[in-house]
Amino acid sequence: MFYLSKIFWLVVQPLSLAFLLALIGALAALAGWRRLGGLSSLVAALVLFVTLYTTTGNVLLQSLENEVPRPTEPPAAISCIVMLGGAVENEVMSGRGGIEFNAAADRYTETLRLALAHPQARILVSGGDGSFSGRYEGEAGASERFFAAYGVPADRLIKENTSRNTWENTLNTREMLAAENLADCVLVTSAFHMPRAMALFARAGIEVTPWPVDYRTSGRLSFGFDFTQPSLNAQNTATAVREWLGLIGYYATGRIDRPF
């Protein structure tokens, strides 16, 4: 299922889908099926335009980010902080060493802030290598180096380094929390990812306080045209589509009780 989902996403992400539709249009035209070729090319152009030059993807992302608001204050008693991985550049680190973050770096910085404010809390870092190759170290090594650099001792960390997606994050986290007898946890992940994470945790019977980070929209967007930042629009559209497909897929397969 993991590899099927990876392959499916390679095909249906907006820019890949536009390319495949354009290719089908060109091949259909060469074969003399001009109507099919024209229709496929038109749909490809429409997908590209919506992806690059409208706020559609940003609005879809915003709807996810608005679903689970961050509490004004964390709980008074925190025994653990669960941070879902996905914030490090595994391929870059494997070649250059050190710690390299991607756009989700807030997961680490906010977890660090909470850890320093609540020195008694354990930190469970959940995230392995989600690549096709499976040859990277995942979050465990990077998290240990990062938190140690800011004075957080290694014995506060609980490293879950085998999960490749949010479903496996949830199952493995439940086992580790039970083994460590931990409750009263805060869950840290990107705001757009929090609805899916909370739905999975609820289904697994894990009670956590959501602490969304890594907001990528202002919260005040509406549908319209945007010709100023096509590359960012494409990135946010891909992120939104992937997360919505994840919610729909998990609901359809019975892994969550409801999309939100």
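Is Y108 buried or exposed, and what relative accessibility does Y108 have? In this predicted model, Y108 has a relative accessibility of 0% and therefore counts as buried. Apart from neighbours within four places in sequence, the residues in contact with Y108 are M83, A87, V88, F101, E139, A142, S143, F146 and F147.

Aromatic pairs were examined next. The structure contains eleven of them. In one, the ring centres of F101 and Y108 are 4.8 Å apart and the planes meet at 50°, so this pair is classed as tilted. F101 has a relative accessible area of 29% and is therefore partly exposed, whereas Y108 is buried. Another pair, formed by F146 and F147, is edge-to-face, with 5.2 Å between the centres and 80° between the planes. Both F146 and F147 are buried. Ring pairs join F101, Y108, F146, F147 and Y150 into a cluster.

Y108 and F147 also appear in the largest nonpolar core, where they are among the residues with the most contacts inside it, together with I81, I123 and V188. This core comprises 23 residues. Two or more residues are contributed by each of the strands β1 (80-84), β2 (122-126), β4 (185-190) and β5 (208-213), and by the helices α6 (106-117) and α7 (139-149). The largest share, four residues, is supplied by α6. A second core, separate from this one, has 16 residues, including C80, I158, F201 and A204.

A charged side chain is also placed against an aromatic ring. R196 lies over the face of Y250, at a distance of 5.3 Å from the ring centre.

Notes: Residues numbered from 1 in each chain as written. Predicted model: local features only at pLDDT ≥ 70, side-chain atom pairs only at ≥ 80, totals over all residues. Heavy atoms only, no water. Phe/Tyr/Trp six-rings, centres within 6.5 Å; stacked < 30°, edge-to-face > 60°. Buried < 20%, exposed > 50% of the residue type's maximum accessible area, 1.4 Å probe, protein only. Lys NZ or Arg CZ within 6 Å of the ring centre and 35° of its normal. Core = buried A, V, L, I, M, F, W, Y, C linked by side-chain atoms within 4.5 Å. Contact = heavy atoms within 4.5 Å.
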